[in-house]
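Biologist: Please take one strand of this structure and describe it closely, together with the elements around it.

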Amino acid sequence: MPGESNPRVVLSARGLRRDFGAFTAVKNVDLDVHHARVHALIGPNGAGKTTVFNLLTKFLQPTHGTITLLGTDITRTPPDKVARMGLVRSFQISAVFPHLTVLDNVRVALQRPNNLAVQFWRPMSALDRLNDRADELIAAVGLTRERNALAADLSYGRKRVLEIATTLALDPKVLLLDEPMAGMGQEDVGVVSDIIRTVALDRAVLMVEHNLSVVANICHHVTVLQRGEILAEGDYAEVSQDPRVRTAYMGTEEA
Amino acid sequence: MTHAAQPSPVAEPVRNTKNAATVQIAFLLAGTLLLVLAPLFFYPIFLMKILCFALFACAFNLLLGYTGLLSFGHATFFGGAAYFTAHAVKEWGLPVELGILVGVAGAAALGLIMGFFAIRRQGIYFAMITLALSQMFFFFCLQAGFTHGEDGIQSVPRGDLLGFIDLNSSTNMYYFVLAVFVIGMVVIWRFINSPFGMILKSIRENEQRAISLGYSVARYKLGAFVMSAALAGLAGAMKALVFQFATLTDVAWQMSGEVILMTLLGGIGTLIGPIFGAGLVVTLQNYLATSDFPVTIITGVVFMVCVLVFRRGIIGEFYASRLGRRLGFQHRR
């Protein structure tokens, strides 16, 4: 796997813990996400992967632990601010704006960074100057033909692709993708794998993924979560040989 | 990233936007002509009442239909602005234009306060907080000196518009109200079809996603709340001038309920629906006021029929009907 020899840490968590009443969903999670690396978070259902995502992006408040983004402590920062600092996430359930067109979906993401979000006195055509950049992003994920279709009318896989385009519109420093390939057709998996590989040349990517062949192909580093705790860590080859991981994944390993 | 666009099974949706635009302009012209000629056929005060409530309902719909927030306290802005304008014109002797401005600014300020407390909560909690705050405002108005309690502010002078158009003539007053109404509608239309309106729409569609794109959702909602309050205030200010009277009725919770009924009847989330809803409710009230039949029972029945049979409201159902779609309208959701 290629990668920088000494990549810098852009997002890190120390001693992350989250309780829901008496139930501890996540405990003692230390995580370092590096610039220009694709980092996979894997584990059986209910292992706490999505909770970790929600904690890192501040959609949930950790019970204990600290989170640092680009050298700044964000443990108490609200989620929209975290997004503005460059940590942008996607959701496990596809997150598009269904009754907006593909173009408008991408433009909504572009509006804020281009200071076109609060103008209530300007016509909608003021947004047309975002079209070039939006079309670039749409072309990059292969949605040009569906540019003017409503997002609700896209197939599931295409919605996920659109979601990635809107996420990239923010030019994030760190990208958190929650099961980006889930429910996708094979050709979309290829497209998204290539996109992720390309964007990771200049960004950090942390992704939850169940498709282990994808993980093997594009991820530099793998963290295995089980029952809210880190079970193993390392590159894919190391992790996949780990007997504890093999036990946890018995019968589900496809790689 | 060098992906060729892949063939996709999704067809381009058929959109008659050109057709729709033509039809809309035709309807708009017809409607304007109707409103300009209406005082020849109807009692002007009655028409002005409809216009004031229509603007009120459209302002309310800006929040319910386009932001997805159900406020149960909009009487505060409507009736509050009526008091402010009446007081400014009568006691301070301000010209009408400034008096209206005082009313609108006051309503916007009240909106900022109420919105600040309510916006963090959703659904029924949001509605209850707005109701509670508007009840507090009602009792404030009952006790405060300048509102004259049960008597209200009476014989508010209309004065002259721009110093030379005598508003005591009901024809002049009618066209003034009509002009303000049209300005209000243009403001609402622009607000909805603006970059800000696009963000509001995205928040309504998927709030979590909007947050994850870095939008401070609460601030956008507050912006819409204040705008809605200010426009409701504009309607209330006009009503105080039309009737030369500001009363407790306009700040009471029943008024907040009435505007919900008007909006629902006309069609939530349609630009012009609430105008029809307001027209219907005001007409019903006016005709039934002289009969022995209790108005509240009739409006209650109308409300139930609406909820049971035509949930999209008059205009919403028209847009969704075969004729409406053939004309190129779209009803969202």
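**A central strand and its surroundings**

Modeller: Strand β3 (residues 38–42) of chain A and β8(A) pair in the parallel sense, over 4 bridges; two strands count as paired if DSSP finds at least two bridges between them. Helices (H or I, at least four residues) and strands (E, at least two) are DSSP runs, numbered from the N terminus. This is a predicted model, in which local features need pLDDT of at least 70 and side-chain atom pairs count only at pLDDT 80 or more, while totals for chains, interfaces and linings use all residues. Residues are numbered from 1 along each chain as its sequence is written, and chains are lettered from A and ligands numbered from 1 in the order in which they are written.

The strand chosen here is β8(A), residues 204–208; 5 of its 5 residues are buried, so the strand is largely enclosed by the rest of the structure. A residue is buried if 20 or more other C-beta atoms lie within 10 Å of its own, exposed if 12 or fewer, and partly exposed in between, with C-beta atoms placed from the backbone. A204(A), L206(A) and V208(A) point one way from β8(A), V205(A) and M207(A) point the other way, and all are buried.

Towards β3(A), V38(A) stands opposite V205(A), and A40(A) has M207(A) as its bridge partner. Strand β7 (residues 174–178) of chain A also runs parallel to β8(A), joined to it by 5 bridges. In that pairing, L175(A) stands opposite V205(A). From β7(A) the chain passes through helix α6 (residues 186–199) of chain A to reach β8(A), a right-handed β-α-β crossover; right-handed means that, with the strands pointing away from the viewer, the path from the first strand over the helix to the second runs clockwise.

These strands belong to an open sheet of 6 strands with mixed pairing, in the order β6-β7-β8-β3-β9-β10 of chain A. Its edge strands are β6(A) and β10(A) (229–234), each of which pairs on one side only.

The crossover helix also leads to the partner chain. In all, 47 residues of chain A are in contact with 32 residues of chain B, contact requiring C-beta atoms, placed from the backbone, to lie within 7 Å. Among the elements giving two or more residues to the side of chain A that touches chain B are α6(A) and the edge strand β6(A).

Definitions and conventions
Contact = placed C-beta atoms within 7 Å.
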